[in-house]
Each structure stands twice: as C-alpha cells, then as structure tokens.
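Trainee: I should like to learn how helix packing and strand pairing are read from a model. May we work through an example together?

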Amino acid sequence: MKFSVALVCVKKKIMTGYNGGKQKIGKKIAQVMRDYVAGDPTPYLAYVEPFVGMMGVFRHVISGDFALSVPSFIAGDINESVIKMWTEARDGLFIPPNECSLETYLEVKEARAPSALRGFIGHQVTFRNQYFGGFEGLYLNPPRDVLYFKSASNRVIDIATSLRNAPVHLYHSKKGYDDPVFTTLGGVKNNIIYCDPPYRGRSSFYFDEHNNRRSFDSLKFWKWCDSLATRGNLVFVSEYSPPPDGVASDASASPVAFLEEVWSNGKEKLFVLDDVSRRNRPN
Ligand SMILES: C[S@@+](CC[C@H](N)C(=O)[O-])C[C@H]1O[C@@H](n2cnc3c(N)ncnc32)[C@H](O)[C@@H]1O
C-alpha cells in the first residue's frame, strides 16, 4: 500500500520553543496509520507508543479527525520527567510556565531529580532539540536570558485535557521500549505500535536520564520490532533509514514479517512491519 503526500517542511520556531519533532507532522502520521487500518477486521486491543516524548503523534491518535478506535492507548518513555509532566498536567497538578529564565533553566537542569517541570523545561528551551542541550536564549542574536513560550505551554495544557477524555495509560519505562508492560497491557498480539526512536546515527540528540548517557542500539531496536510483528502486532516506525543489516537474518525473525515504506516527507520515512498472514487487504 502506497501513499502519496506533499513535502512537509519542519522548521523550528525558536520563540515558541521545542515541542518535539513531530508537532508539525504528527497529524499526517496519525492519518496514514488510520488509513492503513481502515477496513482491517483485526480486533485491535491497544495503540502503544513507547517513545512518546512531547506527544506530537499521540495527541492525534487519541482524539480528533484521525483518532484510532481502540479500547486502550498506552504511552511510555524512558524519560521519567516527561511522563511526570504528562501525568501531573493531566491530573491538574502541574501548570506549565509561559517563560523561563537562564537562572531557572540552570537550576532545573542541575537539580537532576525527575520532575514535571524538568520534563517541560528540558524540552522547551533547549538548543537544537537536545534534551537540556543548552539554554536556547544564549544562541539567539542578540542573546536573551529569558524565553517566552505561551503557545507551547498552552499546547501542553490542551494535550493534557485530551488525556483526561480517553482511556490512556501513561508509563515510565525505566528499562526502555522493550519493557514487557507495553505489550502485556494491551495483549501479546493485535496491538498497533508506533515507534519514534532516536534516529540511527543521530542518537546523540537524546539523553537517557535514567542511565545518564546518550546512546541507542538501533539493531536491537529493529529486532524487537520484527519480533513484535512476527507475534501478530502491526508496527510503525519513524526513521530516516531502513533497519541495519542483520534484522532480516535474525534467526528468531519469521520470514512472514516484512518492512514497507508507507510515507516519506523527503527525509523522514514511516515504515510498517506487518505480517503477511494478517494481510488480506488489496493493494
Ligand atoms: C524522537 S523522540 C520522540 C518524539 C515524540 N514523537 C514527540 O512528538 O515528541 C524520542 C523519545 O524517545 C525517548 N527514548 C530514548 N531512548 C529510549 C528508550 N530506550 N526507550 C524508550 N524511550 C526512549 C526519549 O526520551 C524521547 O522522548
């Protein structure tokens, strides 16, 4: 199944802050996934997003024009602060600020303890989309020591509101995406899984707060995706490049699981791993 789409440019607007790379194209990705399952008789149990970050895609999957009709939505991330931010914002315990000074940024960064504010500030005023990668104001010309981002904090409040109105489970996965909770909450099969992992060769853009390091093993990740597809899940992956060599030849991978590119914005692609035995739909 192929989809033709217009080129979508993603240009960062500094003064509205960083909300995650999927804020502009998240809706399109949700639409592609919704179209892909349209007419599919599979009784899907859950939509699972283990790399949920700032919810650029998730927000469109749980409500709005392209919402998926499944009994349960599971959102997780290895970053405890980002999950605290969503949980507390949903429960009315955290109201995101509209501005941040350099002093506050440094205080929150140094505090290290996971918190909702840390999740918000770490993404919101960060240089080059890196989590706490530097106070963005310092890189402006002229440099500023306060940044304002009302629209971004409103967006977090909006998403938090929709989290209250859908059957959503938020989960901090200490060990990461392969935490069994992601599939056992839904069921071992018949889940729709969307992954937006740190991109291959660019993982320095992501900071693993729990393990205090920047790293991501792409081969291990793709093998995990392959095994989920083989068990009867529908797996979508946003990436720049296809899986590294070694995934297809993995002894545990079934030959019926395969990879297809369904969407590309010129750089980033959406891959789907689907199992031929589930696939009776015409091309
Ligand atoms: C590309 S971002 C996801 C962006 C998200 N789609 C958005 O709209 O903001 C990748 C996310 O994966 C998380 N992450 C990195 N390594 C992970 C791992 N091993 N397991 C689970 N999450 C991980 C990061 O904390 C980050 O939030």
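Mentor: Let us begin with a helix pair: H3 and H5 cross in the left-handed sense. Please bear in mind throughout that this is a predicted model.

Trainee: Which residues of H3 and H5 make the contact?

Mentor: On the H3 side they are Ser81, Val82, Lys84, Met85, Glu88 and Ala89, and on the H5 side Ala116, Arg118, Gly119, Phe120 and Gly122. By class, this contact of H3 with H5 comprises five nonpolar, three polar and three charged residues.

Trainee: How should the spacing of such residues along a helix be understood?

Mentor: An α-helix has 3.6 residues a turn, so positions three or four apart point the same way. In H3, the contact residues include Ser81, Lys84, Met85 and Glu88.

Trainee: At what angle do H3 and H5 pack, and how far apart are their axes?

Mentor: The angle between H3 (residues 80–90) and H5 (residues 116–124) is about 115 degrees, and the axes are 7 Å apart. Angles of 65 to 115 degrees count as roughly perpendicular, and H3 and H5 are therefore described as roughly perpendicular to each other.

Trainee: What is the arrangement of H4 and H5?

Mentor: H4 (residues 102–111) packs on H5 at an angle of about 125 degrees, with the axes 10 Å apart. H4 and H5 are therefore oblique to each other. The crossing of H4 past H5 is left-handed. Tyr105, Val108 and Ala111 of H4 meet Leu117, Arg118 and Ile121 of H5. This contact of H4 with H5 has five nonpolar residues, no polar residues and one charged residue.

Trainee: Which residues of H3 are buried, and against which elements do they pack?

Mentor: The buried residues of H3 are Ser81, Val82, Ile83, Lys84, Met85, Trp86 and Ala89. They pack against E2, H5, H6 (150–164) and E5. Just after H3, Gly92 takes a positive phi of about 75 degrees.

Trainee: I should now like to turn to the strands. How are the two faces of a strand told apart?

Mentor: In a regular strand, side chains alternate between the two faces of the sheet. In E2, Phe73, Ala75 and Asp77 point one way, Ile74 and Gly76 point the other way, and all are buried. Five of the five residues of E2 are buried, so this strand is largely enclosed by the rest of the structure.

Trainee: Are the two sides of E1 covered or open?

Mentor: Both faces of E1 (residues 46–49) are covered. Ala46 and Val48 lie on one side, Tyr47 and Glu49 on the other, and all four are buried.

Trainee: Which strands pair with E1, and in what sense?

Mentor: E1 runs parallel to E6 (residues 191–195), joined by three bridges. E1 also pairs with E2 (residues 73–77) in the parallel sense, over three bridges. Tyr47 illustrates both pairings: its bridge partner in E6 is Ile192, and its bridge partner in E2 is Phe73. Val48 has Ile74 as its bridge partner in E2.

Trainee: How many bridges link E2 and E5?

Mentor: E2 and E5 (residues 168–172) pair over five bridges, in the parallel sense. Among the partners, Gly76 of E2 is matched with Tyr171 of E5.

Terms used:
Residues are numbered from 1 along each chain as its sequence is written. This is a predicted model: local features need pLDDT of at least 70, side-chain atom pairs count only at pLDDT 80 or more; totals for chains, interfaces and linings use all residues. A residue is buried if 20 or more other C-beta atoms lie within 10 Å of its own, exposed if 12 or fewer, and partly exposed in between; C-beta atoms are placed from the backbone. Two strands pair if DSSP finds at least two bridges between them. Axes are lines fitted to C-alpha atoms, for helices over the stretch in contact, and angles run from 0 to 180 degrees between N-to-C directions. Angles under 35 degrees count as roughly parallel, over 145 as roughly antiparallel, 65 to 115 as roughly perpendicular and the rest as oblique. A crossing is left-handed if the near helix is turned anticlockwise from the far one by less than a right angle, and right-handed if clockwise. Two residues are in contact if their C-beta atoms, placed from the backbone, lie within 7 Å. Ala, Val, Leu, Ile, Met, Phe, Trp, Tyr, Cys and Pro count as nonpolar, Asp, Glu, Lys and Arg as charged, and the others, Gly among them, as polar.
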